[in-house]
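Hi,

Here is the structure I said I'd pass on. Have a look at it, and my notes are just below.

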Amino acid sequence: MKRTLIALVLLLLLGALGIWNLRQVDALTNGLCGCIELSIRCMEEGDSAAAKAAVDSALTLWERQERYTHIFLRHSEVDSAADTLYELQEAVYAGDAAQALSAGNPALYHLRSLQSMEHPAWGSVF
Amino acid sequence: MMILMIRTLILFVSLLLFFRLLGKRQLGELELSELTVSMLIADISAIPLQDIGIPLINALVPMVMLFALELLLSVLTESSVRLRGILWGRPCFLIEQGRINQREMRRCHFTPDELTQELRRQSIVDLNTVEYAILETDGTLSVLLTPPNQSATAAQLGVESPSVGYTTTIIEQGRILGDNLRKCGRDRRWLQRELHRQGYGNPKEIYFMTVNAAGQVYIAPKEDT
């Protein structure tokens, strides 16, 4: 009985950790994608101040979650995602809308891929 | 470098803990699921050990998961004979009433060579002396000799054999094991007296000392190195 209980508690804890991780990665990637999209939109509309604020808030959000990303996500994926974010910031600060768009799309793609990698699906399991 | 060392330490301690919790089984005496879990755990832990780009949690989560599943499986198989049979198989009677069961030999993929080799390991060279040879589910071979070839017991010989009980270690490499001393109902005064009686002045002179329930003492003094 004690062993069954320990096994069930462990499995439940792992399940809870898995669900928490999914929520965490969803919140992080959705937040980041929202900021990136806003930044690109602002650049297209010519509002570079708002674009800078949006990309900065994306980077702040990313850096604030550094501990989580390094514990739960593959370091190579984390590094690539960070690179794309910094490239977007560079483009936004350069004031080039076309460059911002071409840097923003890979960042969005990378973050969406990070999110989908953590979600159980036929593709990600097999 | 430091990260690798810390990761190695964490995984080493986790592996020790998991194998300890899985039970005290000797290698080669593992049941199918235990062998699978052991192999998987060893393999899983090796990957993040070599690549610090892989989060440690990628090894720890599967390890905990496998441990929990193994625990659950052991509980389920304990309560269900049928499940035990499905998962672990059943013992194979390779020799039954003195005759080699060739069908069972084929079923267990056991050759006559392997059978004689296993028997030789148990100091049995003549197949005529074997009444039963059973291949257990953990891969070990249990052998029952024919009655004329079995060792005679004290009862069969009508000899009185007083029990000497369990032998307890009292001193190991000069160190007195206080708990063991208490468990066998002795104290340090008795130990000192016993050592004096055998010609020793100090427990530090002793390499190994045991006492059994009958009070028989075994002493191995330390050798000069």
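H1(A) and H3(B) cross in the left-handed sense. Bear in mind that this is a predicted model, not an experimental one. The two partners are helix H1 of chain A, residues 2-45, and helix H3 of chain B, residues 57-79. Their axes lie 8 Å apart, at an angle of about 150°.

Which residues meet there? From H1(A) you have A:Arg3, A:Thr4, A:Ile6, A:Ala7, A:Leu10, A:Leu11 and A:Leu14, and from H3(B) come B:Val61, B:Val64, B:Met65, B:Ala68, B:Leu71, B:Leu72, B:Ser74 and B:Val75. Sorted by type, that contact has 12 nonpolar residues, two polar and one charged.

Now for the sheet. Chain B has an open, antiparallel one made of four strands, ordered S6-S5-S7-S8. Strands S6 (175-176) and S8 (217-221) of chain B sit at the edges, each pairing on one side only.

S7(B) (residues 206-211) is a good strand to click through. On one side, five bridges pair S7(B) with S8(B) in the antiparallel sense, and B:Thr210 is found opposite B:Tyr218. S7(B) is also joined to strand S5 of chain B (residues 168-172) by four bridges, again antiparallel.

Try B:Val211 as a way to walk across the strands: B:Val211 is the bridge partner of B:Thr168, and in S8(B) B:Val211 partners B:Val217.

Last one: how many residues lie between S7(B) and S8(B) in their hairpin? Five, and in that turn B:Gly215 has a positive phi of about 90°.

Cheers

Definitions and conventions. Residues are numbered from 1 along each chain as its sequence is written. Chains are lettered from A and ligands numbered from 1 in the order in which they are written. This is a predicted model: local features need pLDDT of at least 70, side-chain atom pairs count only at pLDDT 80 or more; totals for chains, interfaces and linings use all residues. Two strands pair if DSSP finds at least two bridges between them. Helices (H or I, at least four residues) and strands (E, at least two) are DSSP runs, numbered from the N terminus. Axes are lines fitted to C-alpha atoms, for helices over the stretch in contact, and angles run from 0 to 180 degrees between N-to-C directions. A crossing is left-handed if the near helix is turned anticlockwise from the far one by less than a right angle, and right-handed if clockwise. Two residues are in contact if their C-beta atoms, placed from the backbone, lie within 7 Å. Ala, Val, Leu, Ile, Met, Phe, Trp, Tyr, Cys and Pro count as nonpolar, Asp, Glu, Lys and Arg as charged, and the others, Gly among them, as polar.
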